[in-house]
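Trainee: I'm new to this structure and would love a close look at a single part of it. Could you take me to the surroundings of one ligand and then show me what lies around that place?

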Amino acid sequence: MNDSIPLAYSSCWSQNGRLRCSKGVPWMKDTYLRWLGGRGMDCIGWNDQEVVFMWGGPPELVEPFGAMEMTGLGRVGSKEVSRTDSKVGQAWFGLDKPESGLKSGLEPDLIEKSGSKSRLNSGLSPIHSETHADRVTVAAFNPSLFFNHPHSFSFPVTIGLTYAKNRFERSEVLLVRQKRNRDRVRSLSGMLEESAYAAVTQGSGLRRLAHVLTVAGSDSGGGAGIQADIKACAAACVYCSSVITSVTAQNTIGVQGVYSLAENFVAEQLRSVLSDMQVDVIKTGMLPSPGMITVLCQIIKEFPVRAVVVDPVMVSTSGDVLSGPSTLSGKELLPLADVVTPNLKEASALLGGISLDTVGDMRFAAKSIHAFGARNVLVKGGDLPGSSDAIDIFFDGEQFHELCGPRIMTRNTHGTGCTLASYIAAELAKGTPMLQSVQAAKSFVKSALLYSKDLMIGNGPQGPFDHLFMLKNQLNNYAPKWSFNANSLLLYAVTDSRMNKKWARSITEAVKASIEGGATIIQLREKEVETSEFVKEAVDCMAICRSHHVPLLINDRIDVALACDADGVHIGQSDMPAELARKILGPGKIIGVSCKTPAQAMKAWADGADYIGCGGVFPTNTKQSNPTIGLKGLETVCLASKLPVVAIGGIGAGNVQSVMELGVPNLKGVAVVSALFDQESVTTETRRLKSFLTVR
Ligand SMILES: Cc1ncc(COP(=O)(O)OP(=O)(O)O)c(N)n1
Ligand SMILES: Cc1nc(C(=O)O)sc1CCOP(=O)(O)O
């Protein structure tokens with residue numbers, strides 16, 4: 001990289017809750033869309049030597065900073081300038097307001113006091129010009145500190161970051177007084193780093209990879225510990241560096257020996273990685289001594305990262321003790337954790353050995369561990385007695401989420417805890433929000449276990465599984481599925497080639513019209529179209545659906561779904577078995593399965609489906625010889641199903657209400673063919689049907 005760094009000018013602001021950017025700033029848009037969930041706002045100022053980023057805004061903007069109102073301050077040249085206005089949606093920092101050209105956002109008296117006005121304006125280039133900078137300074141501060149500070153104009157910067165000559169320097173004062181703010185600032189640091197990095201690499205041809213640092217023990221058998229962490233991150237397409245705390249002699253039979261490294265050598269490894277590389281997330285595993293935790297905590301404070309994931313490894317799956325509960329109960333690390341992921345045994349140990357036998361107990365444990373200072377807690381109930389499901393409790397300090405999945409019956413579960421935590425860390429490193437990261441990790445572990453359930457590695461009772469099962473598909477279709485929302489089943493439009501032909505419509509016209517009318521998910525059920533034509537049309541339909549954020553599934557044809565990178569497939573009882581479809585498609589695709597009985601619904605769940613289609617609720621002419629199960633049959637299947645259900649068969653404006661009035665919580669919507677597509681105007685009929693439906 002040159003000392004002189006090309007940099008595009010930008011300004012982003014929020015308007016009606018949406019991110020707006022001035023021209024010529026794709027990197028900025030990406031960065032902020034990614035980190036501020038599409039509601040970002042910031043300002044940037046610059047002169048020939050230095051560029052300043054600032055952002056701020058309403059509390060919801062700065063998720064994951066919770067309730068902290070954040071705003072920015074910065075410098076132009078070497079001079080500090082004043083504060084932002086932190087009103088909702090209005091915070092800008094004095095350099096320009098895009099709608100009205102160059103304009104100061106500073107309050108007049110502050111401009112006067114800081115004497116910054118002339119400096120500000122004289123330091124600016126015209127809007128949308130390009131400049132070159134060899135330094136990028138990013139600063140943010142907490143206004144509550146600012147306003148409480150006795151010398152307001154000394155700018156209590158909570159964190160500042162300068163990128164100059166290929167290095168980040170944290171040169172600003174760290175003024176962090178409250179624990180709550182310290183947590184926020186750690187996360188903020190990652191964002192600042194990302195922004196500065198994005199700025200300086202723009203136009204340089206360089207790019208960076210999301211990065212997790214795992215601090216854990218080595219498992220010689222390769223199933224858990226550092227080895228599992230690296231594989232989980234690789235599966236999530238994230239770079240993983242590793243600091244080894246302990247070396248274990250371990251196989252599928254148990255742990256034969258543990259050799260812990262000296263604390264100062266662990267510190268040396270940590271400093272080595274963190275002083276050189278831009279680590280996004282630190283994930284911790286086996287930390288064999290309280291002293292090692294103290295060292296780690298000190299270094300995390302010295303080198304703040306975006307998030308810390310703590311897997312409180314205490315006992316191996318074989319039952320061998322890897323570190324005592326006293327190690328974590330020192331409670332130094334938990335207040336730094338963005339998420340902690342104990343299993344039942346670990347949660348119990350953290351809480352002094354209480355027994356945890358029910359989902360209610362797990363909720364209690366999650367809340368109690370949260371009180372130690374972790375921002376989020378995931379209590380894993382994989383070994384909850386008497387449950388055929390794997391139920392985890394996620395608590396974010398306000399809300400509980402019960403995350404349910406089928407328990408996969410296999411001996412190959414060694415390393416699931418390490419893998420889950422590392423996958424969460426990897427998703428967080430990519431910018432995925434916390435709950436979705438946890439869901440994506442659960443989905444990954446489930447798929448890996450399913451894929452590996454018959455593997456035979458080692459002779460002991462607990463085998464490892466295959467993290468890189470997707471590579472065997474030779475297909476790069478491993479995108480996180482967290483975008484699937486069961487509410488999208490509300491009005492499910494299923495196309496029909498015969499009807500398209502009858503009304504002289506192309507598939508794309510049919511899809512466009514149904515989306516216009518309000519369809520919430522589309523299935524291409526084109527039984528009479530030639531494959532080459534089908535793939536071509538499906539690719540076009542995908543483009544339409546993507547641009548409208550409507551998922552598109554393919555009926556029966558897994559090959560076509562892969563060819564057009566559809567969001568998933570819908571399969572029947574006589575099609576490719578769902579379990580195999582999941583193996584072929586990977587965890588990133590949506591799979592729906594047709595079910596007429598409770599037993600089929602249970603199997604679909606165990607096979608890794610995402611929803612079931614249940615019918616025929618009423619007689620239909622669209623599908624020959626289709627048994628009708630009636631409203632009663634639909635209700636029975638819904639009650640037996642752990643998956644969301646969409647009703648199908650003979651449904652139209654005249655009877656849709658009777659279906660939805662069943663009021664079963666997992667009945668999420670109706671799938672319809674002829675009432676939408678065997679009609680003159682698909683848009684009108686879709687709109688009409690939609691008017692009877694509301695998300696529950
Ligand atoms: C949402 C939805 N539910 C059920 C079906 C029927 O699928 P299948 O049993 O595979 O029958 P065909 O559609 O292939 O005739 C569906 N397509 N969609
Ligand atoms: C494709 C399909 N599957 C069914 C099932 O019972 O699984 S009924 C059906 C046809 C639904 O078409 P219409 O909305 O025109 O009745």
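Mentor: Let's start at ligand 2, keeping in mind that this is a predicted model. There are 17 residues around ligand 2, and those that come nearest are Gly615, Thr620, Thr622, Val673 and Ser674. Sorted by class, the shell around ligand 2 holds 10 polar residues, six nonpolar ones and one that is charged.

Now turn to the other ligand. Ligand 1 also has 17 residues around it, with Gly572, Ser594, Gly613, Ile648 and Ala671 coming nearest. Look at where this shell comes from: β21 (491-494), β24 (568-571), β25 and β27 are the elements that each give two or more residues to it. By class, the shell around ligand 1 has seven polar, six nonpolar and four charged residues.

Those four strands lead us to the sheet itself. Follow the order β21-β22-β23-β24-β25-β26-β27-β28 and you trace a closed barrel of eight strands, paired in parallel. On average, neighbouring strands of this sheet are turned by 25° against each other, if direction is ignored. As a general point, strands of a sheet pair through backbone hydrogen bonds, and the pairing may be parallel or antiparallel.

For one pair in detail, find strand β27 (residues 645-648) and strand β28 (residues 667-672): they run parallel and are joined by four bridges. You can pick out one of the contacts by eye, with Val645 having Leu667 in β28 as its bridge partner. Helix α21 (residues 630-640) packs on this sheet, where it touches β25 (590-595), β26 (611-614), β27 and β28. The direction of α21 makes about 165° with that of β27.

Before you leave, step back to the whole chain. Its secondary structure comes to 24 helices and 28 strands. Of its 696 residues, 51% are buried. Among contacts between residues at least 6 apart in sequence, 65% join residues at least 24 apart.

One of those helices makes a nice last stop. Helix α6 (residues 225-235) is mostly covered, with 10 of its 11 residues buried. Among the buried ones are Gly225, Ile226, Ala228 and Ile230, and the list also includes Asp229 and Lys231. Just after α6 you will meet Cys237, which takes a positive phi of about 60°.

Conventions:
Residues are numbered from 1 along each chain as its sequence is written. Chains are lettered from A and ligands numbered from 1 in the order in which they are written. This is a predicted model: local features need pLDDT of at least 70, side-chain atom pairs count only at pLDDT 80 or more; totals for chains, interfaces and linings use all residues. A residue is near a molecule or strand if its C-beta atom, placed from the backbone, lies within 6 Å of it. Ala, Val, Leu, Ile, Met, Phe, Trp, Tyr, Cys and Pro count as nonpolar, Asp, Glu, Lys and Arg as charged, and the others, Gly among them, as polar. A residue is buried if 20 or more other C-beta atoms lie within 10 Å of its own, exposed if 12 or fewer, and partly exposed in between; C-beta atoms are placed from the backbone. Two residues are in contact if their C-beta atoms, placed from the backbone, lie within 7 Å. Two strands pair if DSSP finds at least two bridges between them. Axes are lines fitted to C-alpha atoms, for helices over the stretch in contact, and angles run from 0 to 180 degrees between N-to-C directions.
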